[in-house]
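Me: Got a minute to go through this chain with me? I'd like to work from the fold down to the packing.

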Amino acid sequence: HHEGVDASLPAGCVITSKSGHVSTTFNTLQTAATCGGDITTVAGAASSLVQFSVAMDGPRDNVTISISGPADVWFGLGFDAAAMADTPWAIIVEGDGNITERHLADHNPGKLLPTTLSVQSSSVVDNVRTVVVSRKMKGDVFSFDPEQTTLNFINAYGAQAALSYHANR
């Protein structure tokens, strides 16, 4: 922690992180700098039955999603939902690596959607498949909002490679 005068920082207590080092500064100068004014990417991650991260880049109108799950069976992730009854937009990754988008329905796989995802990478290491996909922020069924501070999700995986009833949810 240190106290100082810095016109590039907002006034008051500021926490910064660079290369894993976190520092705090109390800026005594009254400045026009805004808190978070230069942040362009908002990101978060969660781990449940599958592990995933979402990074939203508003100025570039791009969302990058990384999802990891069992390599030999299907797994999926539904956004802005607490249950299938919430009919979320979902990404399904099948055991062969095929990636689809669906508009889930209550207790059924719902409707297959046209592809909006661009596959950046797909790999299997130690029987864990990781896919990285990207798309635009706005979608027909679900849109990402960088102002939203929480994002509910559902996730599941199956007992076989092709999408079918979930083995765990």
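Reply: Sure. Strands here are DSSP runs of E with at least two residues, numbered from the N terminus. Bear in mind that this is a predicted model.

Me: Okay, what pattern does the chain follow along the sequence?
Reply: Start with the tally: 0 helices and 14 strands. Reading along the sequence, you therefore meet just one kind of DSSP element as defined above. That gives β-β-β-β-β-β-β-β-β-β-β-β-β-β.

Me: Which element has the lowest mean pLDDT?
Reply: Overall the chain has a mean pLDDT of 87, with 82% of residues at 70 or more. Where pLDDT is low, the coordinates shouldn't be read in detail. The highest element mean, 98, belongs to β8 (residues 89-93), while the lowest, 65, goes to residues 2-4, strand β1.

Me: How many residues are in the largest nonpolar core?
Reply: Of the chain's 169 residues, 34% are buried. The largest core has Val54, Ile65, Ile67, Phe79, Trp89, Ile91 and Phe144 as its members with the most contacts inside it. Strands β5, β6, β7, β8 and β12 each give two or more residues to this core. Its residue count is 21.

Me: And how many residues does the other core have?
Reply: This core lies apart from the largest one. Among its members are Trp74, Ala81, Ile92 and Leu104, and the count is 8.

Me: Beyond four places in sequence, which Phe residues does Val54 contact?
Reply: Val54 sits in β5 (51-57). Its contacts beyond four places include Val42, Ala43, Gly44, Val63, Thr64 and Ile65. The Phe residues on that list are Phe79 and Phe144.

Note on methods: Residues numbered from 1 in each chain as written. Predicted model: local features only at pLDDT ≥ 70, side-chain atom pairs only at ≥ 80, totals over all residues. Heavy atoms only, no water. pLDDT = per-residue confidence, 0-100. Helix = DSSP H or I, 4+ residues; strand = E, 2+ residues; numbered from the N terminus. Buried < 20%, exposed > 50% of the residue type's maximum accessible area, 1.4 Å probe, protein only. Core = buried A, V, L, I, M, F, W, Y, C linked by side-chain atoms within 4.5 Å. Contact = heavy atoms within 4.5 Å.
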